[in-house]
Amino acid sequence: MLTERLKKVIQNSGLPLAQFAQQTGVSKNTLINYRDGATSPSADFLERVCRDFSVAPGWLLLGEGEASGGDKASGGQGNDTEPETYSLIPLLESRVKGGPEGEILYEEIADHYPFKKWWVEKLVGRSRERQQSLMLIRVRGDSMSPTINQGEMALVDTFESERLLVLTGRIYLVILPDGAVALKRLVLTGEPGGPKLACLSDNTANYRPFEFSLDPEKTLKSYVLGRVRWAGKEFD
């Protein structure tokens, strides 16, 4: 478990809790909550643990591979190999919803998954704010099969500019008229009666395309929560 591996990092650091907390940018009470599993660690905290204590993200988050190339976590002397750097993307536990002002709502973060930093920078650039707009969701339903299957993880870019412009035929996380949230390919049309969103599924055998009208007093981000950038493969 992540909590057990975090306890090992703290123990092998040789630092008192207060000092470990200070070095990783959190309060002592927050660190204790992370260590004991009372709350899920933030991405910023996990990144600092990996960077400052030479911990491999794959080991810390998933228990895969060695603790570290430099291996401060396991008490080793380390080597001259620079550990590969990663960005940690949160996986949202609950269904994502849209708030009244278009804000993104969710209950909790289930975990964080490491993605190679160079790839994240290629995808969205080096801006910290831009990278923090990325989130993982667990796909429910089969409407986008075989492109994205039920149970898979999809990486969604929720940056505001992605929610205010619909690229024709791309896959988005969209709020449907009944309030449900789904992955759909979108087409924005300017009908005489007002703009409409056409929603298309890749599972054409079981799901028909449909469209709905948009409230002219609302922006697109009241309907579009983000664009899918990856789900086992990269989407442009």
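Biologist: What do the buried residues of helix H6 pack against?

Modeller: Bear in mind that this is a predicted model: local features need pLDDT of at least 70, side-chain atom pairs count only at pLDDT 80 or more, and totals for chains, interfaces and linings use all residues. Residues are numbered from 1 along each chain as its sequence is written, while side-chain values use heavy atoms and leave out hydrogens and water. Helices (H or I, at least four residues) and strands (E, at least two) are DSSP runs numbered from the N terminus, and contact means heavy atoms within 4.5 Å. The buried residues of H6 pack against strand S1 (86–92), strand S4 (109–116), helix H7 (128–131), strand S5 (134–138), strand S6 (153–157) and S11.

Biologist: And how wide an arc do those buried H6 residues cover?

Modeller: Buried means under 20% relative accessible area, exposed over 50%, partly exposed in between (1.4 Å probe, protein chains only). In H6 (residues 117–124), the buried ones are Trp119, Val120, Leu123 and Val124. Taking directions from the helix axis to the C-beta atoms, they sit on the same side of H6, because their arc is only 105 degrees.

Biologist: Trp119 caught my eye. How many aromatic pairs are there in the whole structure, and is the one between Phe115 and Trp119 stacked or tilted?

Modeller: Rings of Phe, Tyr and Trp (its six-membered ring) pair if their centres lie within 6.5 Å; planes under 30 degrees apart are stacked, over 60 edge-to-face, and the rest tilted. The search of the whole structure gives five pairs. For Phe115 and Trp119, the centres are 5.8 Å apart and the planes at 25 degrees, so this pair is stacked.

Biologist: How far apart in sequence are the parts that Phe212 and Tyr223 tie together?

Modeller: Phe212 and Tyr223 make a tilted pair, 6.0 Å centre to centre with 45 degrees between the planes. Both Phe212 and Tyr223 are buried. Phe212 is in strand S10 (residues 210–213) and Tyr223 in the loop between S10 and strand S11 (224–230), so the parts tied together are separated by 11 residues.

Biologist: Which helix gives the most to the largest nonpolar core?

Modeller: A nonpolar core is a set of buried Ala, Val, Leu, Ile, Met, Phe, Trp, Tyr and Cys residues joined through side-chain atoms within 4.5 Å. This one has 20 residues, and Val9, Phe20, Phe45 and Leu60 touch the most other members. Helix H1 (2–13), helix H2 (17–23), helix H3 (28–36), H4 and helix H5 (57–62) each supply at least two residues. With five residues, the top contributor is H4.
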